[in-house]
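User: I am new to this structure and would like a close look at a single part of it. Could you walk me through it in a friendly way?

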Amino acid sequence: MSFNFADAPIPIRAEIQEAMRKEWAFLAAPGTWWSGEERVQIAAEARRAMAGEPHGEDLPGAAAGVVRAVAADSPLISAEWVEGLAATGVDMPAYAEIIGVVARLSAVDMFHIALGMPLEPLPSPQSGEPSRRPPPTDVVVGKSFVPMAVMVSIPQTVSLVPPESVAWQKLSDAMYMTLGEMGNPDFRQALHRTQMELVAARTSQINECFY
Amino acid sequence: MLSWSAENTGRIWDPRSITDPTVDPLLAGGRQLVAFVDAAHGSDGESLVAARAALREALGDEATVDAAAVIGNFNQMNRLADATGVPVGPGSMRASQDLRAATGIERFYAHTP
């Protein structure tokens with residue numbers, strides 16, 4: 001069983017453990033544009049990039065470069081850079097899926113690092129083909145690097161690939177708060193909302209993320 | 001969101017603490033929270049051990065887990081935002097004008113297409 005926190009230095013909420021187990025199962029399964037094997041390879045490449053290690057040999061060079069940029073080199077990413085991805089064989093929906101996989105891996109890994117726990121071994125990939133489900137047709141183009149369904153906003157960032165949207169929001173529900181709870185300025189778990197936002201703001205400052 | 005939460009719950013805090021870790025955030029355990037975030041993103045394992053211990057001492061184990069979870073979640077959010085170039089909406093830009101001026105985070109705003 002993955003994410004056995006029995007030896008964790010601090011008791012971990014069951015909600016977080018369950019969300020991370022579900023994320024690992026989702027990561028290992030065939031996605032929309034990448035197979036389960038490729039998704040685990042994307043996660044492995046992202047992990048190497050975040051650790052400052054050289055790239056591996058599993059993914060094609062272009063895809064590995066994209067993964068590494070999302071994981072650890074965000075200043076490289078611009079509208080022009082994203083527009084040029086299709087010519088490298090990574091089209092927009094495939095890029096959105098990479099973003100989702102890498103973003104969620106960073107959440108899981110940084111949680112472990114912060115608590116001084118070893119990183120969870122990546123899951124064994126499941127066999128099967130990607131669904132290749134076409135992206136939504138009602139998308140907003142030109143207001144962000146990646147088209148988004150319905151409206152341009154954080155909840156819609158990877159909405160070109162709906163299962164990726166669902167996955168990151170589930171993880172965020174467990175690690176932060178639900179969209180419904182965000183409307184409550186007095187929300188609290190062990191930390192009060194204001195303390196949580198201080199942690200969020202400082203994290204974003206270190207990552208040089210304006211949003 | 002930080003200023004919104006503080007304003008709507010009557011909490012006093014110092015926004016300069018976001019960009020200057022020497023400034024006291026004026027929140028319970030604020031200094032320890034900032035130090036924990038900084039150490040989690042650093043490469044000095046001993047600093048992280050010390051920052052985690054200080055946070056546990058100040059706010060307890062459950063709060064330390066919550067803080068680690070928020071750190072993880074915002075690494076996710078930051079990558080979603082930066083990789084997709086999602087712009088901050090005009091309403092949020094207006095609401096955050098004073099905060100941006102106080103913290104100098106304007107320099108990170110390079111992602112509007």
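What percentage of the 211 residues of chain A count as buried? And where do Phe3(A) and Arg132(A) lie?

Analyst: Happy to help! This is a predicted model, in which local features need pLDDT of at least 70, side-chain atom pairs count only at pLDDT 80 or more, and totals for chains, interfaces and linings use all residues. Residues are numbered from 1 along each chain as its sequence is written, chains are lettered from A and ligands numbered from 1 in the order in which they are written, and side-chain values use heavy atoms, leaving out hydrogens and water.

Of the 211 residues in chain A, 55% count as buried; buried means under 20% relative accessible area, exposed over 50%, and partly exposed in between, with a 1.4 Å probe and protein chains only.

Now to your two residues. Phe3(A) sits in the segment before α1 (14-28), where helices (H or I, at least four residues) and strands (E, at least two) are DSSP runs numbered from the N terminus. Its relative accessibility is 0%, so Phe3(A) counts as buried. Arg132(A) belongs to the loop between α5 (92-114) and β1 (139-140), and is partly exposed because its relative accessible area is 46%.

Both have a positive phi although neither is glycine: the angle is near 55° for Phe3(A) and near 50° for Arg132(A).

For the wider setting, chain A has seven helices and two strands, in the order α-α-α-α-α-β-β-α-α from the N terminus.
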